[in-house]
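Open the model in your viewer and keep the selection tool ready. Each stop below says what to select and what is there.

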Amino acid sequence: MASNSKSETFLQRYGYDLLLASIAALYVLTIPYTKVEESFNVQAMHDILYHWTNLENYDHLEFPGVVPRTFLVRMALGCIILYTLRFFRHQIRNKFGHQVEAFFVILTAIQFHFLFYCTRPLPNILALGLVNLAYGYWFEGRFYAALNSLIFATTVFRCDMLLLLCSIGLQLLLTNKISVWGALKHCTGMALFCIGLTIIVDSIMWKRLLWPEFEVFWFNSVLNKSSEWGTNAFHWYFTSALPRSLLAAYPLSLFGLFLDRRVRTFTFPVLAFILLYSKLPHKELRFIISSVPIFNVSASIASNRIYNNRKKMIWNLLFLILLALLLVSLAGTITSFMASYWNYPSGYALKELHGIGFHNDTDEQLVHIDTFSAMNGISRFCESDLPWRYSKEEQISLEEFHHRNFTFLINEHPVINGFKCLFTEDGFSRVRLKSGFPPILLVKEPKVYVHGSLENQNIVSQNWSGCSL
């Protein structure tokens, strides 16, 4: 009996955490590769683990990227994010009750993007942990602690969190929760500490005087060069990013705003953050991933109200709609998961190449990884020991490859002079609707081609699957 009681207590205390952590772990184990947005941070993790103080071997000095990013906080990212979400969740329970907390967990569990991104080494996610803390402090009434958390996130990890900081800070000022003098007294020291910390650490790592997030701010906001990576309409966050990231929680969160005026206090500053961010032409879903927990709170309040009144007229219809929305969310999450699984073709291509069997060959196997492949699944964690060596040298023309000493090429082009196309790796292309079940079909097509040098008879003589053009 005592054992059962302890087991029940453990599940009551950590059951929600185990559920969310299990889903996040599933995404990590089944989709271990990374995209170009994550490349700097994941290479930094590799270099810290393998090179430690030997800065000359660090990847960022050879491939610095467009703007520098900080080296702070690289380990156990998923655990940190979920731990901070746990803190926020407890404040939700204290303010709105156990059932609202339960619906918050359900909605988070059936949303693909939040739990998928929470283990991704992106600056947005590094900031997300601090934003979760800020939300928790905000709900708890510790307003200056909330502002300090956002100051840390802004100065060290993501300068765009300044928009969220200003939105929440202005709301606190207008509602007399804080004063200008109080904000200066409680937050100036934190701002100076964070700026000093990131300048010291990153100047050492980059070997020049540097405040990374100031350079990011200048590049993105002042020079507006982020638009070179594509632009979207002003409404894109509201018509594309939020529907995909929130799924069922999107309409439910809007309903929640009408049902409980308390949640408006927390939702309106986040809406203001997204509106302000919409002015920047270059948009990505991950830029506003920090808004998801607040929208989920509003959606959870709506779900809880519908559930509690499900036996009443009109509400019983809303309850059926709620169930349908949850099922649609689950289906959408499964679809997104499968699409993401096939979205890292070069990582799978390199893994297959390693598995072919050159382990007993003493000759060096030099693999060239082109820019497309480096952006779609390959990081230094994918590399193997000798005889394998790797090059990410850029701006090599297709005609020049056969004059170089590369043994293999992992490339986006199907035909390269002096090389035989050995095999291809398919990647996700698009979603196609069809009749029957399931009504959605994920279409794949060749994305990455692995080539072997014609000068190496040991390679050419083997039986390869070839490349379909």
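## Stop 1: a loop on the outside

Select Ile-314, which is exposed, with 59% relative accessible area. This model is predicted, so treat what you see as a prediction. Ile-314 belongs to the loop between α15 (292-308) and α16 (315-341). Now look at its backbone. The phi of Ile-314 is near 70°, a positive value although the residue is not glycine. Why point that out? Most residues other than glycine have a negative phi.

## Stop 2: another positive phi

Go to Gln-395. Is Gln-395 buried or exposed? At 82% relative accessibility, Gln-395 counts as exposed. Its place is in the loop between β2 (388-391) and β3. Its phi is near 60°, again positive in a residue other than glycine.

## Stop 3: the whole chain

Zoom out and show everything. The protein chain holds 19 helices and five strands. Of its 469 residues, 50% count as buried. Consider the contacts in the chain with a separation of 6 or more: residues 24 or more positions apart account for 76% of them.

Colour by confidence next. The mean pLDDT of the chain is 87, and 89% of the residues reach 70 or more. Then select residues 65-71, where the pLDDT is below 50. Beyond near neighbours in sequence, this stretch has 36 contacts in the model.

## Stop 4: paired strands

Select strands β4 (residues 419-433) and β5. The two run antiparallel, and 13 bridges join them. Check the pairs one by one. Which residue of β5 is the bridge partner of Leu-433? The partner is Ile-440. Phe-419 has Ser-453 as its bridge partner in β5.

Follow the chain through the hairpin of β4 and β5. Six residues lie between the strands. Gly-436, in this hairpin, takes a positive phi near 95°.

Add β3 (residues 408-411) to the selection. Strand β3 also runs antiparallel to β5 (residues 440-453), and four bridges join the two. One pair to find is Leu-409 with its bridge partner in β5, His-451.

## Stop 5: an enclosed helix

Select helix α17 (residues 345-354). How many of its 10 residues are buried? Eight are, so the helix is largely enclosed by the rest of the structure. Pick out the buried ones: Pro-345, Ser-346, Gly-347, Tyr-348, Ala-349, Leu-350, Leu-353 and His-354.

## Stop 6: Phe-139 and its surroundings

Move to helix α7 (residues 123-140) and select Phe-139. At 7% relative accessibility, Phe-139 counts as buried, because the cut-off is under 20%. What is Phe-139 in contact with, leaving aside neighbours within four places in sequence? Show Phe-88, Gln-91, Ile-92, Lys-95 and Phe-96, then add Phe-266, Ile-294 and Val-297. Draw a distance from Phe-139 to Gln-91. Their C-alpha atoms are separated by 6.1 Å, yet the two residues are 48 residues apart along the chain.

## Stop 7: Thr-154

Select Thr-154 in helix α8 (residues 143-157). Thr-154 is buried too, with a relative accessible area of 9%. Set aside the neighbours within four places in sequence. Thr-154 is then in contact with Cys-159, Met-161, Leu-162, Leu-165 and Glu-213.

## Stop 8: a pocket

End at the second largest pocket, with a volume of about 530 Å³. To find it, select Ala-24, Val-28, Gly-78, Thr-119 and Arg-120, which lie nearest its centre among the 26 lining residues. Two elements give two or more residues to this lining: α1 (2-30) and α4 (77-96). Which element gives the largest share of the lining? Helix α1 does, with eight residues.

Colour the lining by residue class. The lining of this pocket divides into 18 nonpolar residues, five polar and three charged.

Terms used:
Residues are numbered from 1 along each chain as its sequence is written. This is a predicted model: local features need pLDDT of at least 70, side-chain atom pairs count only at pLDDT 80 or more; totals for chains, interfaces and linings use all residues. Side-chain values use heavy atoms; hydrogens and water are left out. Two strands pair if DSSP finds at least two bridges between them. Buried means under 20% relative accessible area, exposed over 50%, partly exposed in between (1.4 Å probe, protein chains only). Contact means heavy atoms within 4.5 Å. pLDDT is the predictor's confidence in each residue, from 0 to 100. On a 1 Å grid over the protein atoms alone, a cavity is a set of points where a 1.4 Å probe fits but cannot get out, and a pocket is an open set with protein on both sides within 12 Å along at least five of seven lines; lining residues have an atom within 4 Å of a point. Grid points are joined across faces, edges and corners, and a volume is the space filled by probe spheres set on the points. Ala, Val, Leu, Ile, Met, Phe, Trp, Tyr, Cys and Pro count as nonpolar, Asp, Glu, Lys and Arg as charged, and the others, Gly among them, as polar.
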